[in-house]
Amino acid sequence: MMKPTITDNQTIKEILAGKYRDCFLVYARKSTDEPNNQKNSLKYQRAENIKFSQREKLTVAQIALTSFCVDGIISERHSGFKEDSEVSITSTGLVQYGVERPKFLRLIQFLSKGFFKGVIVLCWDRISRNRGDDTVLRKLMKNGVKIRFVYANYENTSAGALHMDIDSMFSEHHSRVTSEKVTLITRSLREGGICTYKAPIGYLNEGTMKHKPLDPERSPIIRKIFQILAKKEWSLSDLADWANRQGLTSPPARRPRTAEELLAEEDDDVTIQPVSRPMTVTMVHKILTNPFYTGKILTHDGRYVQSKSHEALITESLFVQVQAVLKRKRVSVHYADKLDLPGRGLIRCADCTRLYTPYVKKGIQYFSARCRPGCPNLRKNFNVTFFEKKVSESLRHLSLTEAEIAELETRDRMDNPDPEVERLNSLDANDRRQRKLREDLAYLHDNKLSLLKAGTYSPDGFVQEEIKLAVEIKRLGSSEPLGASTHEVLSDIIKLSELIKNGSAYHSFANFREKQEFLTLIFSELFISGNTLTYQCRNGFKALESRFIPVCDHTGWLSEALQNNNLLKESIEGLKHILGPTRAMGP
């Protein structure tokens, strides 16, 4: 806000002293909802209000306050229909909410304290078009504040109150209807391919929605920007520099008005020269990602439809090619040669899922994460010693204890069914699995349209799910599952556990590539939060991880291992390959 002048301070002192208690102020509002309405003109309202004050012999306070009034006349440009939706109710029963119009707010503050006798306005809809402001005005009138209307005279009777209620209701209804009509017309025009908004750089805005011609100076440069990125894959900063050298600038535009300029008496009192601005990286990116240049416009629900207002500047295929290039470039930081450091791309924050990036400082390896704002994880950095210690603890936790191995061996001796019976059980399970998959595939085929309409699957996702089920059915039917015996599975679990124990010692002395290969074989992801490291395992290692998942049956993880014995064998072979024959055998 503009600082009060010496004259303002003197005027405010006179107001507070009660000099204008028997005087009126004049309020005129230019509505932003209906700019072409005759009574919406500030000049017209001021003239009618002054005539009324002279006819009714009402004294208008001859005062001037910066950003408020001139000669006692308040001129405001604002929508009377808008109101603050925030409401607070105090413990003492006060209901408080904000008033959107700054000059109207200052007016009712003066009136509520009795510094002026009242206010003169053209009609009810010039001073209010919403229920909240209506309530304030009615409270003031009940407390003796005189609000005089040029176009209406509300008697102090029940009929006068009804007259006021009707004017208030129709004023609010008129605003709602106007807003609704504008919205419906805008939506209808956009659906029909008419551009109701300002066209981007490269097109001319000539004051009509139905014709957005190409800018003869800027459009060739815009087209060339798309072509350069598609062929040479320049950086956005290089494209911005090139565009500036070609003389490309934004169309002349006025800056947003300041708070003081918004409170000016007339639009003519504020002169803002339009300015063209040079290209920036952000402006180039907006150009390259805007489908408007392919001859389409944006509808109210976020879709793009073929435009009838403008012609395409580039082809659809060129736009798609540019989007693919931008997607490849979507990297925060690019390193030509990444350092050989273990843990890269493997460790995430457990709370916000941001990656920890390894780096070296003073010969010591560290990990750092740029967590999302508000992430509760306080460990943003840690060194490699902390990481390797936590990995060793996780490997010990993952491998079987002596008590667990003894329990498995006892189970193997006591519960080892006949191999033929187990083979038949496996065949039966295989058959049930095939029937279930065929039912799922039939359901997809029968309900394709409803699943796509409901958004359960995208068209690509539906096809992928269909292919996945068909491939699995073919795989199960192509060979007779021989199954693995319980003895064989239990033996593989114990063998894998021993290999993990041996691998823990191997990990401590391995080089970068060996450590990275070892960790990525076992873990799909590692998560850090504070002093805790959690993990997700791959393939056969999931069987050992599953024994920590709380379920009613503490041996349920063994059933999962029986169904995925091939993954167990793959994991064993993978560890043997990394550790080598000597280390795989253990001490």
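**Exercise 1. Pairing of β1 and β2**

Task: In the predicted model, determine how many bridges join strand β1 to β2, and identify the bridge partner of Val-26 in β2.

Solution.
Step 1. Strand β1 covers residues 24-30, and 5 bridges join this strand to β2.
Step 2. The two strands run parallel.
Step 3. Within this pairing, Val-26 has Ile-73 of β2 as its bridge partner.

**Exercise 2. The sheet that contains β1**

Task: Establish the order of the strands in the open sheet of 4 strands, and explain why one side of β2 and of β6 is left without a neighbour in the sheet.

Solution.
Step 1. The order is β2-β1-β5-β6, with parallel pairing.
Step 2. β2 (73-77) and β6 (146-149) stand at the edges; each has a single partner strand, so one side of each lacks a neighbour in the sheet.
Step 3. On average, and with direction ignored, neighbouring strands of this sheet are turned by 25° against each other.
Step 4. The pairing of β1 with β5 is parallel and comprises 3 bridges; here Phe-24 stands opposite Gly-118 of β5.
Step 5. The pairing of β5 with β6 is likewise parallel, and it comprises 4 bridges. Val-121 has Phe-149 in β6 as its bridge partner.

**Exercise 3. The two faces of β5**

Task: Decide whether Gly-118, Val-119, Ile-120 and Val-121 are buried or exposed, and assign them to the faces of β5. Then name the helix that lies across β1, β2, β5 and β6.

Solution.
Step 1. In a regular strand, side chains alternate between the two faces of the sheet.
Step 2. In β5, Gly-118 and Ile-120 are on one side, and Val-119 and Val-121 are on the other.
Step 3. These four residues are all buried, and both faces of β5 are thus covered.
Step 4. The helix is α2 (residues 42-55), which lies across β1, β2, β5 (118-121) and β6. Helix α2 runs at about 155° to β1.

**Exercise 4. The environment of Thr-11**

Task: Locate Thr-11 in the secondary structure, and justify its classification by relative accessibility.

Solution.
Step 1. Thr-11 belongs to helix α1, which spans residues 6-16.
Step 2. The cut-off for a buried residue is under 20% relative accessible area. Thr-11 has 9% relative accessibility and therefore counts as buried.
Step 3. With neighbours within four places in sequence left aside, Thr-11 is in contact with Ile-63, Ala-64 and Leu-65.

**Exercise 5. The packing of α17**

Task: Describe how α17 packs with α18 and how the axes of α12 and α17 cross.

Solution.
Step 1. Two packed helices are described by the angle between their axes and the distance between the axes.
Step 2. For α17 (residues 486-509) and α18 (residues 512-522), the angle is about 145° and the axes are 8 Å apart. The crossing of α17 and α18 is left-handed.
Step 3. On the α17 side the contact involves Gly-503, Ser-504, Tyr-506, His-507 and Ser-508; on the α18 side it involves Glu-514, Lys-515, Phe-518 and Leu-519. By class, the contact of α17 with α18 has 3 nonpolar, 4 polar and 2 charged residues.
Step 4. The axes of α12 (residues 384-398) and α17 come within 9 Å and cross at roughly 170°. An angle over 145 degrees counts as roughly antiparallel, and α12 and α17 are therefore classed as roughly antiparallel to each other.
Step 5. Glu-388, Val-391, Ser-392, Leu-395 and Leu-398 of α12 meet Ile-500, Ser-504 and His-507 of α17. The contact of α12 with α17 divides into 4 nonpolar residues, 3 polar and 1 charged.

**Exercise 6. The sheet beneath α12 and α18**

Task: Give the strand order of the open sheet of 3 strands, and state at what angle α12 runs to β14 and α18 to β13.

Solution.
Step 1. The order is β9-β13-β14, and the pairing is mixed.
Step 2. β9 (347-349) and β14 (532-537) are the edge strands, each pairing on one side only.
Step 3. Neighbouring strands are turned by 30° against each other on average, direction ignored.
Step 4. β9 and strand β13 (residues 523-529) run parallel and are joined by 3 bridges; Cys-349 has Ile-528 in β13 as its bridge partner.
Step 5. Helix α12 lies across β9, β13 and β14 and runs at about 55° to β14. Helix α18 lies across β13 and β14 and runs at about 95° to β13.

How values were computed. Residues are numbered from 1 along each chain as its sequence is written. This is a predicted model: local features need pLDDT of at least 70, side-chain atom pairs count only at pLDDT 80 or more; totals for chains, interfaces and linings use all residues. Side-chain values use heavy atoms; hydrogens and water are left out. Axes are lines fitted to C-alpha atoms, for helices over the stretch in contact, and angles run from 0 to 180 degrees between N-to-C directions. A crossing is left-handed if the near helix is turned anticlockwise from the far one by less than a right angle, and right-handed if clockwise. Contact means heavy atoms within 4.5 Å. Ala, Val, Leu, Ile, Met, Phe, Trp, Tyr, Cys and Pro count as nonpolar, Asp, Glu, Lys and Arg as charged, and the others, Gly among them, as polar. Angles under 35 degrees count as roughly parallel, over 145 as roughly antiparallel, 65 to 115 as roughly perpendicular and the rest as oblique. Two strands pair if DSSP finds at least two bridges between them. Buried means under 20% relative accessible area, exposed over 50%, partly exposed in between (1.4 Å probe, protein chains only).
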